[in-house]
Every structure is written in structure tokens, then in C-alpha cells.
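Thanks for making time this morning. I would like to walk you through one structure, going from a single side chain out to the whole chain, so please keep the picture in view while I talk.

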Amino acid sequence: MIILILSYLNKKNQWRIGLKTLIIFAISLALLLGVFYEFWEYFAYSVLGYKFIITGPTDTMHDLLFDFLGITVAVLIFTAILKKKGYLPPNTSDSNTK
């Protein structure tokens, strides 16, 4: 969904952002949401006393790793589908600005 919104904004505002940059930005934005959730999980556990299911000291790293893997696969599959249907710009080099 993020890649579709960014592509729409790219076309509407004529940012001249390439497809690779859109993909990297979408993955980064989704990962940022995962990091915010981890902050919330830590705050709720430490300060508010909520007892989430935490498997140990590596829980946060595992969560972020699997967030990254899942987001990357989802964005690449979604990008391939949207590109095939013609909703995304062609894969041009980011250095080609006019």
C-alpha cells in the first residue's frame, strides 16, 4: 500500500523519483513503523506493566529482522504486480534528471 501511495504522489507532484528509490523509501517507512511498535512494546512492558509475550532479550531484534524480511518480500511482490499492470513508473535510473 505504501508503494502505491508513494507512486501516486510521485506522479501527482512530479518528483522525478525512480522506482528503486520508491521501493527503498517504502521499505524504510514500513520499518520505521516496526521500530515505533518496538518502542511502544518496551514502554508498555517497562512503564505500564503490560506483560506482552516476550521470548527473551533477542525478541526485539527478531521482530525487526522478520519485519524487514516480510516488508521486503511484500513490497517486491506488490511492485512486480503493479508494474505489470502499468500503475508504476518504469525502472529508470535515479541519476537521470532532466
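Let me begin with a question: does Phe43 count as buried, partly exposed or exposed? Before I answer, please bear in mind that this is a predicted model, and that the values I quote are computed from it. Phe43 counts as partly exposed, because its relative accessibility is 39%, and that places it between the 20% below which a residue is called buried and the 50% above which a residue is called exposed. Trp40 likewise counts as partly exposed, at 39% relative accessibility.

I mention these two residues together because Trp40 and Phe43 form an aromatic pair, with 6.1 Å from centre to centre and 40° between the planes, which makes the pair tilted. Both residues lie in helix α2, 3 residues apart, which is about one turn of the helix. A search of the whole structure finds 1 aromatic pair, and the pair of Trp40 and Phe43 is tilted.

Let me now step back to the overall layout. The protein has 3 helices and 0 strands, and from the N terminus on the order of its elements is α-α-α. Of the 98 residues in the protein, 23% are buried. The accessible surface comes to about 7300 Å², and carbon and sulfur atoms account for 70% of that surface. When we consider contacts between residues at least 6 apart in sequence, 65% of them join residues that are at least 24 apart.

Next, the interior. The largest nonpolar core has 7 residues in all, namely Leu19, Ile23, Ala26, Ile27, Ala30, Ile71 and Val75. Helix α2 and helix α3, the latter running over residues 59-85, each supply at least two residues of this core, and the largest share, 5 residues, comes from α2.

Some members of that core deserve a closer look. Ala26, which lies in helix α2, is buried, because its relative accessible area is 1%, well inside the cut-off of 20%. Ile23 also lies in helix α2, and Ile23 counts as buried at 14% relative accessibility. Both residues can be placed relative to Thr72: the C-alpha atoms of Ile23 and Thr72 are separated by 8.7 Å, although the two residues are 49 apart along the chain, while Ala26 and Thr72, 46 residues apart in sequence, are 9.1 Å apart in space, C-alpha to C-alpha.

From the other side of the core, Ile71 is in contact with Ile27, Ala30 and Leu31, once its neighbours within four places in sequence are left aside. Gly70, found in helix α3, counts as partly exposed at 38% relative accessibility, and its C-alpha atom is separated by 9.8 Å from that of Ile27, a residue 43 places away along the chain.

Which residues does Glu38 contact, leaving aside its neighbours within four places in sequence? They are Thr60, Asp63 and Leu64. Glu38 is found in helix α2, and this acidic residue is buried, because its relative accessible area is 7%, under the 20% cut-off.

Finally, let me turn to the surface. Phe25, Leu29, Leu32, Leu33, Phe36 and Phe39 form a nonpolar patch there, with about 610 Å² of accessible area together. One of these, Leu29, lies in helix α2, which covers residues 19-48, and Leu29 is partly exposed, with a relative accessible area of 33%. A residue needs over 30% relative accessible area to join such a patch, so Leu29, at 33%, passes that requirement.

To close, I would keep three points in mind. Helix α2 supplies 5 residues of the largest nonpolar core; Glu38, in that helix, is buried at 7% relative accessible area; and Phe43, where we began, is partly exposed at 39% relative accessibility.

Key. Residues numbered from 1 in each chain as written. Predicted model: local features only at pLDDT ≥ 70, side-chain atom pairs only at ≥ 80, totals over all residues. Heavy atoms only, no water. Helix = DSSP H or I, 4+ residues; strand = E, 2+ residues; numbered from the N terminus. Buried < 20%, exposed > 50% of the residue type's maximum accessible area, 1.4 Å probe, protein only. Contact = heavy atoms within 4.5 Å. Areas by Shrake-Rupley, 256 points an atom, 1.4 Å probe, with all protein chains shown as cover. Patch = residues over 30% accessible without salt bridge, like charges linked within 9 Å, V, L, I, M, F, W, Y side chains within 5 Å. Salt bridge = Lys/Arg side-chain N within 4 Å of Asp/Glu carboxyl O. Phe/Tyr/Trp six-rings, centres within 6.5 Å; stacked < 30°, edge-to-face > 60°. Core = buried A, V, L, I, M, F, W, Y, C linked by side-chain atoms within 4.5 Å.
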